[in-house]
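Welcome, and please open your viewer. Have the selection panel ready, and we will go from stop to stop together.

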Amino acid sequence: MDRAVAKGRNGPQGAALGGIDHAAKGGVGMVSAIETSSLTRYYGALCAVDHLDLSVKQGELLAFLGPNGAGKTTTIRLLTGLIRPNEGTAQVAGYDIGENATAVKRQVGVVPQRSNLYAEMSARQNLVFCCQLYGLPRAVWRQRSDELLATFELSDRADTAFGALSGGMKRRLTIAAALVHRPRVLFLDEPTMGLDVRSARHLRAMIARLRSEGVTIFLTTHMIPEAEALADRVAIIVKGALAVVDTPEALRARCAQEAAIEVRFERTREVMVTALRRARGIRSVSRSGEALHVAVDSVDEGLRVIQRTADGEGARLAQVRTVVPTLEDAFVHITNLDSEVMRIGGTPGGKRR
Amino acid sequence: MMQRSRWMPAWYVTLKDIRTYYLKPPLISWGMLFPIVLILAFFLRDPGDIRSAIPGLVGMTVLFGATSVEAVAITFEKRIGAMERLLMAPLSPWALVAAKALSGALFGLGTGLLTCALGCIVWRLSFSPYVLIVLALGSIAFALLGVVLSLLMREVFDAMTLTNFFRFPMVFLSGTFLPLGDMALWLRVVACCLPLTYTVDGVRYCMLGAGHAHFALVVDLLAIALFSVGLFAAALALFRHRLEDML
């Protein structure tokens with residue numbers, strides 16, 4: 001990659017983040033940043049990743065969306081050479097994960113679910129240690145660490161022990177640590193999980209900036225709005241198998257023909273959900289907190305059915321409105337799962353009808 | 001950016017471990033106090049016999065120094081997720097095992113040399129440069145033993161218990177307190193299977209003279225080197241086998 005061109009496009013901030021300003025070359029003939037072929041991983045009898053065929057273009061942000069236990073983290077561990085597949089192959093940054101795991105590790109940055117830097121070492125010491133781990137020359141350790149601290153707005157905490165940082169700061173520093181060697185591909189495993197709204201929003205803005213600077217990002221998340229906001233394409237994985245991969249717009253379009261109504265009852269009971277799911281003219285019902293998302297054949301008929309069902313169950317409607325299909329609707333439409341399984345702690349067992 | 005030598009990242013893991021675990025006031029104090037207290041206890045028990053006891057105490061301090069943190073470091077890092085970070089880095093398993101063991105070996109060597117120095121300065125025991133080789137090899141073997149024990153256990157407390165299960169019998173069975181020649185035959189056979197036996201015997205050879213040692217120095221050195229190679233192979237195999245437990 002031409003350094004001058006890269007800097008011209010990214011500017012100094014882009015170079016600080018990593019962007020496409022890489023000195024290390026990818027594997028020979030690299031076209032896709034990630035290419036998997038029938039990638040499979042078992043844990044005993046459980047198939048955690050089931051014949052995954054996936055291609056991620058260079059510079060793309062792919063959101064890997066699925067409920068807890070769907071196989072997202074296992075996929076990241078396979079693609080970063082931490083564990084070996086039982087079947088299939090994958091190339092990351094042009095290198096085969098089985099044959100050249102060390103070369104893969106040089107080309108990728110990984111942000112695991114857990115912010116796992118050293119608690120007693122300061123923010124700067126942690127970044128310097130990561131520079132050392134990736135074999136960067138001594139002359140750039142301090143400079144690179146300070147660049148990243150500035151980029152992630154942690155300069156004033158450079159000498160604070162990692163253990164004393166807030167959750168959001170820890171997360172930002174963990175992402176910074178994954179960027180010290182300017183990786184070609186960045187793997188983010190549930191980066192905003194456990195963060196407060198403000199920190200999560202801040203982090204998403206930084207991920208979007210990395211994406212705009214040309215870093216290929218593989219983002220696993222169980223948060224549908226996060227995937228919708230950040231991703232070029234969304235891959236939905238359920239029980240280890242890839243259900244679909246497409247742009248958020250295309251996924252939404254798949255259920256555009258469906259009319260959808262959002263219903264809130266004064267008190268939402270499970271019996272209402274069950275009754276609606278059984279009613280004629282209702283295509284699907286998914287629950288999102290207190291609201292029920294009801295996909296119907298036609299709005300007029302759907303409203304009548306909802307009213308009739310509510311009357312039959314003695315429930316009072318609090319709010320009814322028609323809605324434009326969202327990625328959440330597409331998720332429900334494609335996976336046949338209740339979107340509630342995407343909440344933390346949800347399990348991929350909740351069939352909707 | 002230019003990539004540095006493939007050895008350097010492993011060396012920085014060692015330096016990080018030294019800074020994170022060993023350069024802590026409690027451990028430094030322990031490393032200094034342990035040999036002094038041991039020597040003092042033996043001196044008070046029998047002042048006339050302290051010279052012949054010192055090689056055993058040197059071996060014992062090396063064993064305890066090299067395994068003190070090493071036997072729990074990996075277990076601890078597994079728990080806090082730090083091992084996952086190391087595994088994500090472009091380091092081969094053997095480089096990582098070597099890096100983890102080296103910090104413990106250096107600490108063990110330091111505590112052993114301190115005990116040695118006390119023996120040489122206070123009780124005029126002779127100092128041979130070969131003792132450095134014996135202590136260095138012994139430290140490496142014991143640090144690798146610590147890595148093996150650390151890899152075997154999931155919990156820090158279990159790793160500590162298991163380490164003591166190995167350390168204390170080894171101290172009593174390896175000629176540390178009782179010369180090998182005075183042991184029953186079956187105990188001597190057991191002693192020959194322990195790396196501490198050859199470390200203590202080698203130190204005895206170097207500090208007290210060939211007449212006080214059971215084996216020739218070359219036998220001691222070869223035996224400790226073989227134990228080191230065997231323990232490294234065991235640590236590497238366990239490391240690969242337990243890789244997913246560390247994530």
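The tour below begins with a whole chain and then visits its strands, cores, interface and one helix.

**Before you start.** This is a predicted model, in which local features need pLDDT of at least 70, side-chain atom pairs count only at pLDDT 80 or more, and totals for chains, interfaces and linings use all residues. Residues are numbered from 1 along each chain as its sequence is written, while chains are lettered from A and ligands numbered from 1 in the order in which they are written.

**Stop 1: chain A.** Select chain A, where you will find twelve helices and 14 strands; helices (H or I, at least four residues) and strands (E, at least two) are DSSP runs, numbered from the N terminus. Of its 353 residues, 50% are buried. Here buried means 20 or more other C-beta atoms within 10 Å of a residue's own, exposed means 12 or fewer, and partly exposed lies in between, with C-beta atoms placed from the backbone. Among contacts in chain A with a separation of 6 or more, 68% join residues 24 or more positions apart; a contact has C-beta atoms, placed from the backbone, within 7 Å.

**Stop 2: strand β13 of chain A.** Now select residues 291-296 of chain A, which form β13(A). Because five of these six residues are buried, the strand is largely enclosed by the rest of the structure. Add β11(A), residues 259-265, which pairs with β13(A) in the antiparallel sense over six bridges (pairing needs at least two DSSP bridges). Look for E262(A) opposite H293(A). Next add β12(A), residues 282-288, joined to β13(A) by six bridges and also antiparallel. R287(A) has L292(A) as its bridge partner there. β12(A) and β13(A) make a hairpin with two residues between them, and G289(A) in the turn has a positive phi of about 65°.

**Stop 3: T309(A).** Move to helix α11 of chain A, residues 299-313, and pick T309(A). Is T309(A) buried or partly exposed? With 19 other C-beta atoms within 10 Å, T309(A) is partly exposed. Leaving out residues up to four places away in sequence, T309(A) touches A275(A), L276(A) and A279(A).

**Stop 4: the cores.** A nonpolar core is a set of buried Ala, Val, Leu, Ile, Met, Phe, Trp, Tyr and Cys residues joined through C-beta atoms within 7 Å. The largest has 157 residues, and those touching the most other members include A63(A), L219(A) and L144(B). α7(B) gives the largest share of this core, 14 residues. Domain 1 (3-246) and domain 2 (254-342) of chain A each contribute at least three residues; these bounds come from an automatic or database domain assignment. Centre on L219(A), whose contacts beyond four places in sequence include L61(A), F64(A), L188(A) and L230(A). A second, separate core of 14 residues includes V263(A), F265(A), L276(A) and V305(A).

**Stop 5: where the chains meet.** Show both chains: the contact takes 22 residues from chain A and 21 residues from chain B. On the chain A side, α3 (101-107) and α4 (123-133) each supply at least two residues.

**Stop 6: helix α11 of chain B.** Finish with residues 217-241 of chain B. The end C-alpha atoms of this 25-residue helix are 36 Å apart, which agrees with the expected 36 Å, taken as 1.5 Å times one less than the number of residues. Its buried residues include L217(B), L221(B), I224(B), S228(B) and L231(B). An α-helix has 3.6 residues a turn, so residues three or four places apart point the same way. To see what covers the buried residues of α11(B), display, among others, α6 (93-123), α7 (129-152) and α10 (195-208) of chain B.

Notes
Two residues are in contact if their C-beta atoms, placed from the backbone, lie within 7 Å.
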